[in-house]
Amino acid sequence: MLLRISIFILLFPFFLIPACKEKEAPKYVIGFSQCTGDDAWRRDMLRGMQRELAFHPEVDFLYRDAKGNSGKQVEQIKELLTSNINLLIVSPNEAEPITPVVEQAYQNGIPVVVVDRKTASSFYTAYVGGNNYEVGKTAGQYIGAYLHGKGKVVEITGLPTSSPSIERHKGFLDAIRNYPNIQVIRVIAGDWEKKIAKQKLTALFDSIKQADLVFAQNEVMALGTYEVWRERGISPRTKIVGIDGLAGPLGDIQMVHDGLIDATVLYPTGGEEAIRTAVQILEKKPFTKENILNTAVIDPTNVRMIKMQTDKILNQQEDIERQQKHNEEQLRVYNNQRILLYTISGLLVVAIVLGCLALYSLVENKKINKILKLKNRKIIQQRNKIQEMADEAQAATESKFKFFTNISHEFRTPLTLILGPIDSLLHGKSDHLMVKQSLRLIQKNASRLLWLVNQLMDFRKLESGMIQVKATENDLIAFMREVMQPFEPMAKKSNIEFKLITNLSVLPVWFDVNMMDKVFFNLLSNAFKFTKTHGRIHILIEQDAALNQVHVKVRDTGIGMTEMEVNRAFELFYQANQDSNKGTGLGLPLSKEFIQLHHGEITVKSEPHQGTTFTIQLLLGSQHFKEEEKISAVVGEEGQLSKLIVAETGPIWQDSSNNESKSESILVIEDHPDLRSFLQYTLQANYQVFTAGEGELGLTKAIEKVPDLIICDLMLPDMKGIKVVASLKADLRTSHIPIIILTALNGLEQQIEGMQVGAELYLTKPFSPQVLKESVKSLLANRRLVKDYFANGEVLSPANSPSISKLDQKFLNDFKRIIDEKLADPNLSVDFLSREIGLSRVQLYRKVKALLNGNVNDYIQTARLTKSCHLLQQTSASIADVAYQVGFSSSTYFATAFKAKYGISPTDYKMQKSYLKTV
Ligand code: FRU
């Protein structure tokens with residue numbers, strides 16, 4: 001729509017142009033049929049018409065010239081009639097042939113103005129022209145008088161069938177009749193044309209040469225007569241009288257003036273009058289039907305005055321025409337300027353309209369933009385909401401996955417501690433105590449599994465609303481002491497201050513014993529899990545009498561939680577401390593549900609590295625429970641399970657045979673106490689076993705003890721196992737130690753990650769103790785092979801150094817290079833080397849032993865002696881010189897050491913080699 005409007009506006013100025021034209025569409029069309037247009041008289045007639053037409057712009061003028069041919073004139077009139085003319089002006093060539101077509105036009109309602117010559121009918125609207133009879137008569141009267149009533153006259157007529165010719169002839173004869181002595185000796189038809197008249201006069205000349213006067217019916221034939229007499233050289237010529245009285249230098253007035261002819265009778269053309277009459281007819285104004293134009297004789301007596309007047313008229317006419325032309329030119333300029341003005345105005349209008357449109361579009365655009373922006377904002381908001389929902393859904397899905405993964409991992413440790421002891425019982429020699437302890441471990445972990453399964457069941461029941469509080473009235477203080485009791489040994493063992501703080505000795509509270517047992521067992525398990533040795537775990541019980549409430553706080557000095565972890569602590573499937581194995585993530589949400597079933601509240605406050613406090617508010621009395629929620633006695637004893645789970649499994653796993661006598665040592669970094677001691681138990685028969693429950697402690701122990709092998713759990717409370725392995729492998733002091741990663745995670749990615757940081761083996765729980773033992777054995781054997789390989793002095797390069805890290809290769813290269821460079825220095829010692837390499841004496845000793853299976857001093861001694869062999873063999877240096885070059889300050893000691901190693905003295909060795917060389 002807007003496009004259409006724009007196109008219209010752009011074209012608008014062009015519509016204006018035709019509308020601005022000064023000349024209106026012609027109101028009238030006048031057709032003019034001229035019998036002939038070639039002579040001066042007819043041209044004068046046409047000029048007169050055009051001058052008059054200039055005052056009538058409403059008239060369109062169609063002009064046709066029949067060239068003296070009547071047939072052609074009929075055709076032209078017909079053609080004009082079909083051109084929708086409003087009026088016909090006709091000057092018939094001949095009367096008879098033209099009459100029917102003119103009559104037809106007239107009868108068809110087209111007004112007809114006949115000029116000069118007439119038709120043979122009275123069916124015309126008006127006539128304009130001279131009275132030809134009068135003209136002929138005037139000429140005859142003048143000739144009679146001029147010839148003094150006596151003489152011979154020749155008459156040259158026009159076209160005999162044209163009305164002026166007939167009428168003039170008649171008038172002339174009527175006048176001449178009054179002069180009996182004037183004789184018309186010949187009448188010649190000149191057909192109005194000079195050429196024809198001349199031809200005929202010439203042909204008849206002999207018979208007419210005695211004529212006193214020639215009367216020619218028009219000016220051209222009069223001129224022709226003059227020329228015939230002049231050509232004959234006859235003087236004085238015959239007298240000549242003509243008709244027309246045309247002004248101008250070639251007209252017959254001039255001819256009279258110049259004496260070419262004697263007189264002429266005025267026959268006005270009537271062009272202006274014809275147009276004037278036609279316009280009056282068209283405008284339905286009164287008009288004269290017969291418009292007879294005056295006539296007069298022009299001869300030498302008046303020619304000067306008439307010529308002056310006609311010349312003046314001619315000049316005036318020319319002025320008028322010039323003026324008209326000028327006017328037309330002015331009009332054209334004016335019209336052009338008007339068109340320009342209209343165009344500019346039009347363009348201005350267009351510009352204004354376009355401006356308005358642009359403004360309108362701008363305002364509309366702004367509106368649309370505003371709407372679009374709003375829509376866009378809404379869409380973005382919706383998108384963000386969808387994104388948030390998708391993220392939440394994703395997080396929920398991930399949490400669920402994580403939850404199920406954690407649950408299955410959670411099963412793996414107790415399963416290891418069930419399957420492991422069974423495996424050991426089946427394969428090993430077992431005494432009574434060990435069987436008992438193994439069974440206790442199995443029982444404990446089977447209970448743990450049962451506990452986990454129960455938690456899942458509770459969760460299911462809660463979700464389906466199938467769980468119901470079975471509240472009894474209990475002494476909360478006594479109950480709490482009971483709940484705490486199984487944790488006491490653990491607290492004692494870890495030096496944790498574990499106590500109940502309250503000023504109440506008894507506090508009766510209604511609650512579901514089983515549920516509360518689970519709640520507090522969960523809270524205490526968590527507290528113990530995250531509280532390090534020498535920490536504090538306090539339980540505070542306060543009564544708020546005003547609110548009729550009791551507050552139980554479980555406060556620890558453990559690793560604490562971040563703000564985000566606090567906010568999500570009770571969220572189902574969410575698990576803080578994702579990096580380590582902290583359980584299922586079910587405990588706290590379940591506890592919250594249980595507390596809520598009691599119409600109580602559980603909240604948490606925590607600070608990272610400061611500790612965590614869980615506060616439980618319970619209502620006193622029993623009004624808040626429905627009758628069916630209150631029972632008289634507790635059924636079922638699920639509380640027993642918790643006791644079994646936290647129960648100490650006894651000293652069986654303590655090292656009875658773990659002494660320094662074992663040649664190889666293993667460090668176990670595992671946070672689960674039972675698993676840690678089970679691993680210790682599994683390995684201690686063959687190795688010296690060190691243990692660490694946390695990553696940091698593990699690292700410290702590894703650097704301090706430099707064991708032959710490390711077993712590291714992947715989930716540690718303080719740092720990722722992977723990080724521990726990476727640190728060990730990046731540290732020159734421990735980089736050579738083979739590491740077994742032990743984990744509940746069996747994902748391929750974790751395995752690859754483990755291998756990438758340099759761990760030698762990846763064992764997933766539950767694992768068989770036999771498999772572990774065999775793995776340890778083969779790793780250590782493999783390491784021994786490597787040791788031998790290097791101890792034998794192999795050149796060290798990445799290509800031929802199996803099972804050894806780049807760090808260790810660098811260490812060995814540096815170690816050998818320093819020794820080679822400093823071999824001549826008797827002060828080359830373990831101290832010097834440890835300073836150069838950046839290890840303590842013990843670490844250097846352990847590292848060299850692990851990698852080269854020998855001590856540092858032995859290695860230096862061997863290097864010195866090997867080089868001395870080479871020198872003795874290749875050079876002519878003396879024994880003393882050789883001893884000096886390989887760093888022996890005394891040649892005697894060199895000789896002793898050489899003999900001790902090779903069983904031959906250096907002197908003998910040198911002789912033997914030079915002999916072999918000469919041979
Ligand atoms: C011109 C003319 C005039 C004459 C008139 C008669 O064509 O011959 O000289 O007076 O026609 O119709």
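Which residues surround the ligand? Going along the chain, they are Asp 39, Trp 41, Arg 42, Asp 116, Arg 117, Pro 164, Arg 168, Trp 192, Asn 218, Asp 244 and Tyr 267, where a residue counts as near a molecule if one of its heavy atoms lies within 4 Å of it. Keep in mind that this is a predicted model, in which local features need pLDDT of at least 70 and side-chain atom pairs count only at pLDDT 80 or more, while totals for chains, interfaces and linings use all residues. Residues are numbered from 1 along each chain as its sequence is written, and side-chain values use heavy atoms, with hydrogens and water left out.

Some of these neighbours put a polar side-chain atom beside a ligand oxygen. For Asp 116 the distance is 2.9 Å; for Arg 117 it is 2.8 Å, and for Asn 218 it is 2.8 Å. A polar contact here is a pair of N or O atoms within 3.5 Å.

Now for the sheets. Strands of a sheet pair through backbone hydrogen bonds, either parallel or antiparallel. Two strands count as paired if DSSP finds at least two bridges between them; strands (E, at least two residues) and helices (H or I, at least four) are DSSP runs numbered from the N terminus. One open sheet has six strands, paired in parallel in the order β2-β1-β3-β4-β5-β11. β2 (59-65) and β11 (290-293) sit at the edges with a single partner strand each, so one side of each has no neighbour in the sheet. Inside this sheet, β1 (residues 28-34) and β3 (residues 87-91) run parallel and are joined by five bridges, with Ser 33 partnered by Val 90 of β3.

Helices α3 (residues 70-82) and α4 (residues 95-107) have axes that come within 9 Å and cross at roughly 10 degrees; axes are lines fitted to C-alpha atoms over the stretch in contact, and angles run from 0 to 180 degrees between N-to-C directions. The two helices are therefore roughly parallel, a label for angles under 35 degrees. Their contact (heavy atoms within 4.5 Å) involves residues including Val 74 and Ile 77 of α3 and Ile 98 and Val 101 of α4.

Further along, five strands form another open sheet, β14-β16-β17-β19-β18, with mixed pairing. Seven bridges join β18 to β19 (residues 611-619), and the two run antiparallel; Lys 605 stands opposite Thr 613 in β19. Helix α18 (residues 587-597) lies across β18 and β19, at about 25 degrees to β19.

Terms used. Parallel < 35°, antiparallel > 145°, perpendicular 65-115°, else oblique. Polar contact = N/O pair within 3.5 Å; in protein donor to acceptor, adjacent residues only side chain to side chain.
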